[in-house]
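Here are my notes on the model, in numbered points. Have the viewer open while you go through them.

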There are 2 protein chains.
Amino acid sequence: MKSIVLLSGGMDSTLTATIACRESEAVAALHLNYRHRTEGRELRAFQEVSDALGIRERLEVDIEFLREIGGSSLTDDTIEVTKANLTATNIPSSYVPFRNGNFLAIAASWAEVIGAEAIYIGAVEEDSSGYPDCRQSFFDAFERAIGIGTKPDTSIRIVTPVIHFRKSEIVRESIKLGAPIQATWSCYQSEDIACGLCDSCALRLRGFAEAGIEDPIPYTVRPVYQ
Amino acid sequence: MKSIVLLSGGMDSTLTATIACRESEAVAALHLNYRHRTEGRELRAFQEVSDALGIRERLEVDIEFLREIGGSSLTDDTIEVTKANLTATNIPSSYVPFRNGNFLAIAASWAEVIGAEAIYIGAVEEDSSGYPDCRQSFFDAFERAIGIGTKPDTSIRIVTPVIHFRKSEIVRESIKLGAPIQATWSCYQSEDIACGLCDSCALRLRGFAEAGIEDPIPYTVRPVYQ
């Protein structure tokens, strides 16, 4: 079976890619470049993670339209990136409207062309800061839409192997399976040294702390998040 | 109610936009530019149709990735455009894998940002040459995915007002509602004078013939299709 993995270059998608490589005969990696603040750094992570996992078939797709459409601090420079607040229940400003819907639509098109039967995506429901397109119910609904909207002989599953993991479990499982953690990048704010203050850094640092493991990448500050 | 209409500049989407304008307080038009053979001509049609309907809020999104992904004669210059065969039941080479899935994902993102509650799409099930993502069952499934994958206070319907029309009904209804037919473009092959030979020209010419109306746009040849 051939699979596609959506690979941003962060921890979650890197573990997902590692799992996809164990479960598939061939894996192709898809990176969606939506020209957000830290795109250059993520693209480097995508290449280094793919190298480490031996994934040769790669596609980088420019989806700058998500910047044009705006509505998110990740793509719209006029909206400030919110500082981490891990107890907030509202949807943070880094939410890109229907982002995973767009990612999966592109992956489905590519899957139909290259004959892939699974799309692996590293969404995490619990740690997803309330993004509605990170829930398993969304992936189930989208898989059904793909099934109806592609050729009759096409069968494409959406696989979410880390969806119920906490960040600490992502860390532990990554170590256990030998995922290339050192090549990953998570920070929404910086490209050289992770800021340690944005939502994404906060979730990552808390996950490492809970797992009792030190994060190998450099940070400007390393707050202790509970 | 504010609506988005997917407006390619062809007959079906132009009638759909005309209907959206009658049913909505405000309409925004979205053109997806996937850099296929006749994109320049379609973009002109998009602008002229929008002008004629008084639609001021417009977004043109570059989705060149569908060309990179390939797999279709519309986007991949190495695949020949098939000549019209209106009795064929197989999926033609002009099929772009999961195209409407991509279109609707982009529309959903924009709808959430601008507060639109409906996405009008001019898909036609019967005349769609067997494209699986033109069926009502696909739109129902995708609407459900949008409902789950967007913010809880977001409600976005997918409206397909012409889905059960034959091309002749598109022609008649366009005349009845005063849709700007003369500004539309359908040909997959040419930009100045429609070829009259591709699937899209054949469907259009047959529709006008069945409606007993002469198509106002110029053709290189005007075969009589049954």
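1. Bookkeeping before anything else. Two strands pair if DSSP finds at least two bridges between them. Helices (H or I, at least four residues) and strands (E, at least two) are DSSP runs, numbered from the N terminus. By that rule, five bridges join strand β1 (residues 2–6) of chain B to strand β2 (residues 26–33) of chain B, and the two run parallel. In that pairing, B:L6 sits opposite B:L30 in β2(B).

2. What you're looking at is a predicted model, where local features need pLDDT of at least 70 and side-chain atom pairs count only at pLDDT 80 or more, while totals for chains, interfaces and linings use all residues. Residues are numbered from 1 along each chain as its sequence is written, and chains are lettered from A and ligands numbered from 1 in the order in which they are written.

3. The overall plan of chain A: seven helices and five strands, in the sequence pattern β-α-β-α-β-α-α-β-α-β-α-α. Of its 226 residues, 52% count as buried (20 or more other C-beta atoms within 10 Å of the residue's own; exposed is 12 or fewer, partly exposed is in between, and C-beta atoms are placed from the backbone). Take the contacts in chain A with a separation of 6 or more: residues 24 or more positions apart account for 70% of them. Contact here is C-beta to C-beta within 7 Å, with the C-beta atoms placed from the backbone.

4. Now the sheet of chain A. It is an open one of five strands, ordered β3-β2-β1-β4-β5, with parallel pairing. β3 and β5 (157–159) of chain A are at the edges with a single partner strand each, so one side of each has no neighbour in the sheet. The twist averages 25° from one strand to the next; for angles, axes are lines fitted to C-alpha atoms (for helices over the stretch in contact), and values run from 0 to 180 degrees between N-to-C directions.

5. Have a look at β2(A) in particular. Six of the eight residues of this strand (residues 26–33) are buried, so the rest of the structure largely encloses it. Five bridges tie β1 (residues 2–6) of chain A to β2(A), in parallel, and A:L6 is opposite A:L30 there. Going the other way, β2(A) and β3(A) pair in the parallel sense over six bridges, with A:H31 opposite A:E60 in β3(A).

6. Which strands does α4(A) lie across? The list is β1, β2, β3, β4 (118–120) and β5 of chain A, and the helix runs at about 155° to β1(A).

7. Chain B has its own open five-stranded sheet, in the order β3-β2-β1-β4-β5 and with parallel pairing. Its edge strands are β3 (57–62) and β5 (157–159), each with a single partner strand, so one side of each lacks a neighbour in the sheet.

8. Over in chain B, the axes of α6 (residues 167–177) and α7 (residues 199–211) come within 7 Å and cross at roughly 65°. The crossing is right-handed, which means the near helix is turned clockwise from the far one by less than a right angle (anticlockwise would be left-handed). On the α6(B) side the contact uses B:K167, B:S168, B:I170, B:V171 and B:R172, and α7(B) brings residues including B:L203, B:F208 and B:A211. By class, that contact has five nonpolar, two polar and five charged residues (nonpolar is Ala, Val, Leu, Ile, Met, Phe, Trp, Tyr, Cys and Pro; charged is Asp, Glu, Lys and Arg; the others, Gly among them, are polar).

9. On to the interface: 36 residues of chain A are in contact with 36 residues of chain B. On the chain A side, β3 (57–62), α3 (65–69), α4 (99–114) and α5 (136–149) each supply at least two residues. α4(A) gives the most, with 10 residues. The chain A side divides into 20 nonpolar, nine polar and seven charged.

10. How are the copies related? A rotation of 180° with 0.0 Å of shift along its axis superposes chain A on chain B, RMSD 0.0 Å (least squares on C-alpha atoms of residues with pLDDT of at least 70 in both). The two copies are thus related as by a two-fold rotation axis. As for the surface, 100% of the interface residues of chain A are also interface residues in chain B, so the copies meet through the same surface.

11. One last residue: A:G212, in the segment after α7 (199–211) of chain A. With 9 C-beta neighbours inside 10 Å, A:G212 counts as exposed. A:G212 and A:L30 are 182 residues apart in sequence and 32 Å apart in space, C-alpha to C-alpha.

Notes: Two residues are in contact if their C-beta atoms, placed from the backbone, lie within 7 Å.
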